[in-house]
Amino acid sequence: MVMTRHSIHNLEAIVKQVRRDILRMVHGCQSGHPGGSLGCTELLVCLYFELMQRNDQFDLNGLGEDLFFLSNGHISPVFYSVLARAGYFPIDELATFRKLNSRLQGHPTTHEGLPGIRVASGSLGQGLSVAIGAAQAKKLNQDNRMVYVLMGDGELQEGQVWEAAMYAAHNEMDNLIAIVDYNGAQIDGATNDVLSLGDLPRKWMVFGWKVIEVMRGNDIGSVISGLRKAQASTGTKMPVMVLLHTEMGNGVDFMMGSHKWHGIAPSDEQLAMALNQNAETLGDYIA
């Protein structure tokens with residue numbers, strides 16, 4: 001069982017390196033989604049390097065370990081980088097992102113057998129349902145580990161999410177922690193302009209979930225504190241929802257706060273500017 005624990009300083013160093021990976025991966029193929037990936041970097045680093053219990057060897061069953069599902073699969077750059085940095089596959093494989101015959105396609109898939117990937121994702125609105133199934137399997141197997149799933153806030157405009165929300169509450173899925181990347185932006189603009197989500201905390205509470213709101217979702221200390229509170233709220237016959245307020249493009253000043261960077265790659269000049277804002281800490285992968 002992998003039980004890594006790091007200081008805030010060490011986690012911040014990992015975050016900077018993951019940001020560099022994201023930027024170089026998307027630039028290298030001139031395709032991908034840097035904005036949301038950068039916004040969720042702190043979250044995934046905290047999950048994989050501080051909060052989740054993981055088995056030494058990867059297998060799809062995941063018995064006896066915490067599971068993570070990425071529902072908004074377009075932010076695969078941050079997922080691939082964190083998995084590689086956590087030891088699931090060689091770091092230099094990041095250089096193959098979106099390349100022909102690569103295991104690291106634009107949206108995660110399972111048919112190539114990439115360690116760390118348990119479900120193909122990218123068709124939005126489906127990840128919560130998958131995570132509920134995994135959480136139910138753990139209960140049937142008397143496995144007391146947790147299931148985590150990350151969704152985008154724009155993804156909540158999909159109807160299947162709310163069917164799954166009702167199902168999880170009705171079936172008392174109290175080993176499930178869902179997280180929403182609450183950045184208020186999607187590919188077409190502000191989420192509330194495209195299709196307003198309304199009072200999101202109350203909406204999830206009315207659906208029967210325990211709701212925890214983290215206002216500083218790009219601050220490592222706040223992320224850890226919020227997720228520890230979520231962990232402490234499990235086992236109470238209610239699923240747990242963490243609304244994580246993040247900023248799209250976090251860590252790169254000209255990308256922050258703009259939905260423009262949801263799905264475009266930086267130019268050579270923009271890449272250099274972005275990398276200058278995120279020092280190399282763990283060693284870049286070989287391109």
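Here, a residue counts as buried when its relative accessible area is under 20%. Keep that cut-off in mind for the close-ups below, which come from a predicted model.

**View 1. Lys139 and Asp174 join in a salt bridge.** Asp174 has a relative accessible area of 11%, so it is buried. Its partner, Lys139, is partly exposed, at 38% relative accessibility. Between the two side chains, the N to O distance is 2.7 Å. Lys139 belongs to helix H5, whereas Asp174 sits in the loop between helix H6 (159–170) and strand S3 (176–181), so this contact ties together parts that are 35 residues apart in sequence.

**View 2. Glu65 pairs with Arg118.** Here the closest N and O atoms are 2.7 Å apart. You will find Glu65 in the loop between helix H3 (41–51) and strand S1 (67–70), and Arg118 in the loop between helix H4 (76–85) and helix H5 (127–140). The two residues are 53 residues apart, and their salt bridge links distant parts of the chain. Glu65 is buried, at 3% relative accessibility, and Arg118 is buried too, with a relative accessible area of 17%.

**View 3. Next door in sequence, Asp66 forms a salt bridge with Arg145.** The closest N and O atoms of this pair are 3.1 Å apart. Asp66 lies in the loop between H3 and S1, and Arg145 in the loop between H5 and strand S2 (147–152), 79 residues apart. Both Asp66 and Arg145 are buried. In total, the model has 10 salt bridges.

**View 4. Cys40 and Cys46 stay unpaired.** The model contains zero disulfides. For Cys40, the nearest cysteine sulfur is that of Cys46, 12 Å away. A disulfide needs two cysteine sulfur atoms within 2.5 Å, so the 12 Å between the sulfur of Cys46 and that of Cys40 is too far for a bond. Cys40 is buried, with a relative accessible area of 0%, and Cys46 is buried with a relative accessible area of 0% as well.

**View 5. A look into the largest pocket, with about 280 Å³ of space.** The pocket is lined by 19 residues, and those closest to its centre are His74, Leu124, Gly154, Gln186 and His262. By type, the lining holds five nonpolar, 10 polar and four charged residues.

**View 6. The span from residue 14 to residue 272 carries a domain annotation.** An unreviewed UniProt entry lists residues 14–272 as "domain: Transketolase N-terminal". This span is 38% helix and 12% strand, and its end C-alpha atoms lie 19 Å apart.

Definitions and conventions
Residues numbered from 1 in each chain as written. Predicted model: local features only at pLDDT ≥ 70, side-chain atom pairs only at ≥ 80, totals over all residues. Heavy atoms only, no water. Buried < 20%, exposed > 50% of the residue type's maximum accessible area, 1.4 Å probe, protein only. 1 Å grid on protein atoms, 1.4 Å probe; cavity = no way out; pocket = protein on both sides within 12 Å on 5 of 7 lines; lining within 4 Å. Points joined across faces, edges and corners; volume = space filled by probe spheres on them. Nonpolar A, V, L, I, M, F, W, Y, C, P; charged D, E, K, R; others polar. UniProt positions renumbered as here; feature names shortened; annotations may be inferred. Helix = DSSP H or I, 4+ residues; strand = E, 2+ residues; numbered from the N terminus. Salt bridge = Lys/Arg side-chain N within 4 Å of Asp/Glu carboxyl O.
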